[in-house]
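Student: Could we go through this model together? I'd like to see how each label is earned.

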Protein chains: 2
Amino acid sequence: MVGIGPGSIADMSSRACAAITGAAVVVGYKVYLELISELLSDQKIIGTGMTQEIDRCQAAVEEALLGKTVAVVSSGDAGIYGMAGLVLELVMQYPEPVRPAVDIVPGISAISAAAAILGAPLMHDFAVISLSDLLTPWEVIENRIEAAAAGDFVVALYNPKSRRRISQIEKVREIMLQYRPSTTPVGIVHHASRTGEKMVLSDLDSFTREHIDMFSLVIIGSSQTYIAEGRMITPRGYSL
Amino acid sequence: MVGIGPGSIADMSSRACAAITGAAVVVGYKVYLELISELLSDQKIIGTGMTQEIDRCQAAVEEALLGKTVAVVSSGDAGIYGMAGLVLELVMQYPEPVRPAVDIVPGISAISAAAAILGAPLMHDFAVISLSDLLTPWEVIENRIEAAAAGDFVVALYNPKSRRRISQIEKVREIMLQYRPSTTPVGIVHHASRTGEKMVLSDLDSFTREHIDMFSLVIIGSSQTYIAEGRMITPRGYSL
């Protein structure tokens, strides 16, 4: 399980690069495989569409059962909403000694990449929430938004909006406005460290008017977060 | 601002390595400078003790004001409880065009490194909380623990315990036990990706009896987290 970081080879660790170049089989979402094409040579490549996570991981496990070294690539960190959990769940269905061994090579997460582009919004406690309700009931997500708002966490939102999922981000705005001023800074990062990288600084009142899609990461500030000279900063609390 | 990852050069991005080898001055906590000693040659080195964050960052800003390219190293990700925010706060005290430009190079965070060692505990929503009350009132931290517990977040704890800070982790256990069963999995990772790396799997009832110190990262599972064959897994929710 290899986290390839936000997208550029320059953001990958050498351990991740070696795991891919040293594998007999590389499995991943086609778009991610393109990002690392310079690391692919004579490995067997299994690329699938985005929603085919289970097929992809099952294919990886089957190759591993044949005794091959398989690298399954996730963008960002394989361990944060990535493929690491799914593969572990799948291999647990096989008994020892058949069960393939799974090593997880961490990567730079989308949160870290987005935060670096925005400034330093994650200098203090934060919550990470996915707004995708494909696999999670919306009530659970809404309860987490409410809890994160009440706890004054900086909040990082994965999967904030898609073509079919447009009301959820408005609901987040509504809940957060019950706890934080409308001037609370909100940062939006698109395609962090990839072609088309873009960042927007907004506030809780108006951020949902900005372009947000499934390639965006949204970071909502805590009560302490501020914007100075185009950088979003959550102070740690030092007296300067 | 350079995140050097959890400790091994193999976990650093090539962008981070280049930022350090290409700098005229490298500033950091002495222990972290030792971790990257193979990247240091004729750069000017400014190493300080652990609690001297402000001195360290001020020294970096002063070198930058002289026109030098300065790399300030943080372990893990410079943007997560790292030095990025402090340096941004310091440079904002200088007007344009004197103000030094600050680039933030993200790294693999301690959370990602610890999660990879434990299995896949961060496959679903999580909260990250530092238990250090040096710069944050304990009431704020306790409120966040309560909120994270109520929201059924997986909870990652930075700075869980030090020689002088021993009661806080017991208080966390107490609060979490009001919301989650005593069998909830808890993972503890020491020195992730460094000499002396060690991980322990425990549960909410008994994890505070394990060795925990300021080099440990503690991850408390959500209601969905389980342990199978020595791996800590929070399922994403796929039907397998």
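Tutor: Happily; what follows takes the labels one by one, and please keep in mind that this is a predicted model.

Student: What makes the relation between chain A and chain B a two-fold axis?

Tutor: Look at the operation that superposes chain A on chain B: a rotation of 180° with 0.0 Å of shift along its axis, at an RMSD of 0.0 Å. That is the relation of a two-fold axis. The same surface serves both copies, since 100% of the contact residues of chain A recur in chain B.

Student: How many residues does each chain bring to the contact?

Tutor: Chain A brings 68 residues and chain B brings 68 residues. The two chains bury about 6100 Å² between them, with 59% of that area on carbon and sulfur atoms. Three residues, A:Arg144, A:Tyr238 and A:Leu240, supply 12% of the area that chain A buries against chain B, more than any other three residues.

Student: Why is the pair B:Arg99 and A:Glu229 called a salt bridge?

Tutor: Set the distance against the cut-off. A salt bridge needs a side-chain nitrogen of Lys or Arg within 4 Å of a carboxyl oxygen of Asp or Glu. The side chains of B:Arg99 and A:Glu229 meet at 3.5 Å, N to O, so the pair qualifies. Side chains of opposite charge can pair when their charged atoms come close.

Student: And what makes B:Asp11 and A:Arg15 a salt bridge?

Tutor: The same test applies: their N to O distance is 2.9 Å, and the limit is 4 Å, so this pair is a salt bridge too. The pair crosses between chains, from B:Asp11 in the loop between S1 and helix H1 (14-21) of chain B to A:Arg15 in helix H1 (residues 14-21) of chain A.

Student: How many salt bridges does the rule find across the interface?

Tutor: Across the interface of chain A and chain B there are eight, while the count over all chains comes to 24. The interface also holds 33 residue pairs in polar contact. On the side of chain A that touches chain B, helix H4 (residues 84-91) of chain A gives the most, with six residues. By class, that side of chain A has 38 nonpolar, 18 polar and twelve charged residues.

Student: How do you know that strand S6 of chain A pairs with strand S6 of chain B?

Tutor: Pairing takes at least two bridges. Three bridges join S6 (residues 126-130) of chain A to S6 (residues 126-130) of chain B, so they pair, and they run antiparallel. One example is A:Phe126, whose bridge partner in S6(B) is B:Val128.

Student: Why are S1 and S3 of chain B called edge strands?

Tutor: Start with the sheet: four strands of chain B form an open sheet in the order S1-S4-S2-S3, with parallel pairing. Strand S1 (2-3) and strand S3 (44-48) each pair on one side only, which is what makes them the edges. S1(B) and strand S4 (residues 70-74) of chain B are joined by two bridges in the parallel sense, and B:Val2 has B:Val73 as its bridge partner in S4(B).

Student: What is omega for the cis bond from A:Glu96 to A:Pro97?

Tutor: Omega there is near -5°. A:Pro97 lies in the loop between H4 and helix H5 (110-118) of chain A. In chain B, the bond from B:Glu96 to B:Pro97 is cis as well, with omega near 0°.

Methods: Residues are numbered from 1 along each chain as its sequence is written. Chains are lettered from A and ligands numbered from 1 in the order in which they are written. This is a predicted model: local features need pLDDT of at least 70, side-chain atom pairs count only at pLDDT 80 or more; totals for chains, interfaces and linings use all residues. Side-chain values use heavy atoms; hydrogens and water are left out. Copies are superposed by least squares on the C-alpha atoms of residues with pLDDT of at least 70 in both. Contact means heavy atoms within 4.5 Å. Buried area is the accessible area (1.4 Å probe) that two parts lose on being put together, summed over both. A polar contact is a pair of N or O atoms within 3.5 Å; within protein, one must be able to donate a hydrogen and the other to accept it, and residues adjacent in sequence count only if both atoms are side-chain atoms. Ala, Val, Leu, Ile, Met, Phe, Trp, Tyr, Cys and Pro count as nonpolar, Asp, Glu, Lys and Arg as charged, and the others, Gly among them, as polar.
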